[in-house]
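Work through the exercises below with the sequence and the model open. Each task is followed by a solution in steps.

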Amino acid sequence: IIFSDRFSSVLWSVRFGTLVLSGTFGFDSMAFYFWMGFIHRGTEPVSLDQTMRQYEEIERKHRQEVRDATDPFTPVLPGGRFSLVGTDGRPVTSASLMGRWLLLYFGFTRCPAACTAEVAGMAEVVGEVDQHLGQQKVVQPVFISVDPKRDSCARIKTFMEEYCPKGLGLTGTPEQVRAVSKGFRVYYSNPDIHYSENDYVLDHSNCSYLVDPEGRFAAVYPSDYPHSEKVVGIARQIELWKQKAGALP
């Protein structure tokens, strides 16, 4: 029998001819536990190092499970990788947009009022952020259509030229749009009943999402968030990110 106090428990290994049993017992989180993890036959004896490595992996998984169980409400931030299509028909991915601040808005070009107002407002916000920071084109406005059935590349291009000339318009397949919307926690719904196949209105989330140059979620701004506070908030996020980046080795 081999004992070890390397961890907060006792590791053991017993050999009966060619049958080898190994495991551990001890105290963890005020509870006694007993574990027998490896039972096998063989002609070669099980070394202490091999047994320790096996136990180390089990211990790592166990502690991770404990952390997950005791912190079930760890937030998962919006964002993630995505692959869409630009107004020129070429692929646009989250990787190709890295290196720039992004202000994303999800909507559709036939929206009665909210989307046009938000996209036009997004153009004003990024312009004022430039003025606030004394730089040009700091934030790239991005419009992502949640209506790929009707929003063609050409239609989105016209829409962006009218409401946000410096913005980037994106669409994709229904699966691609669903994936990026899910990543950013965006809700949208295609109603079951409409006047005709191409005559319907979508219900969707009405927020803007700020993404930093490393592709990470930075902030979300609901549609009723005050315009001036949004400008200051975005500028502040950029300044904080620069400070953090400058402090890195």
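The exercises cover a sheet, three helices that pack in this structure, and a pair of cysteines; the model is predicted.

**Exercise 1. The sheet**

Determine the strand order of the seven-stranded sheet and name the strands at its edges.

Solution. Step 1: tracing the pairings gives the order β5-β4-β8-β7-β6-β11-β12. The sheet is open, and its pairing is mixed. Step 2: β5 (91-93) and β12 (217-222) each pair on one side only, which makes them the edge strands. Step 3: on average, neighbouring strands of the sheet are turned by 35 degrees against each other, direction ignored.

**Exercise 2. The partners of β4**

Describe how β4 (residues 83-86) is joined to β5 and to β8.

Solution. Step 1: β4 and β5 run antiparallel and are joined by three bridges. In this pairing S83 stands opposite T93 of β5. Step 2: four residues lie between the two strands of this hairpin, where G89 takes a positive phi near 85 degrees. Step 3: β4 and β8 also run antiparallel, with two bridges between them. The bridge partner of V85 in β8 is T171.

**Exercise 3. Helices across strands**

Which strands do α2 and α3 lie across, and at what angles do they run?

Solution. Step 1: α2 (residues 114-133) lies across β6 (101-107), β7 (139-145) and β11 (207-211). Its angle to β6 is about 170 degrees. Step 2: α3 (residues 153-163) lies across β4, β7 and β8 (168-171), and runs at about 155 degrees to β8.

**Exercise 4. The two sides of α3**

Find the buried residues of α3 and decide how they are arranged around the helix.

Solution. Step 1: I156, F159 and M160 are the buried residues of α3. Step 2: viewed down the axis of α3, these buried residues fall within an arc of 95 degrees, so they line one face of the helix. An α-helix has 3.6 residues a turn, so residues three or four places apart point the same way. Step 3: A154, E161 and E162 are exposed on the other side of α3. Step 4: the buried residues of α3 pack against α2, β7 and β8.

**Exercise 5. The two sides of α4**

Repeat the analysis for α4 (residues 174-183).

Solution. Step 1: the buried residues of α4 are V177, V180, S181 and G183. Step 2: the arc that holds the buried residues of α4 is 160 degrees, so they line one face of the helix. Step 3: E175 and K182 are exposed on the face of α4 turned away from the buried side. Step 4: the packing partners of the buried residues of α4 are β4, β6, β7, β8 and β9 (188-189). Step 5: after α4 comes R185, with a positive phi near 60 degrees.

**Exercise 6. C111**

Why does C111 form no bond with C115?

Solution. Step 1: a disulfide requires two cysteine sulfur atoms within 2.5 Å. Step 2: the cysteine sulfur closest to that of C111 is in C115, at 3.1 Å, which is too far for a bond. Step 3: the count of disulfides by this rule is zero. Step 4: C111 is buried, with a relative accessible area of 10%.

Key:
Residues are numbered from 1 along each chain as its sequence is written. This is a predicted model: local features need pLDDT of at least 70, side-chain atom pairs count only at pLDDT 80 or more; totals for chains, interfaces and linings use all residues. Side-chain values use heavy atoms; hydrogens and water are left out. Two strands pair if DSSP finds at least two bridges between them. Axes are lines fitted to C-alpha atoms, for helices over the stretch in contact, and angles run from 0 to 180 degrees between N-to-C directions. Contact means heavy atoms within 4.5 Å. Buried means under 20% relative accessible area, exposed over 50%, partly exposed in between (1.4 Å probe, protein chains only). The arc is that of the directions from the helix axis to the C-beta atoms.
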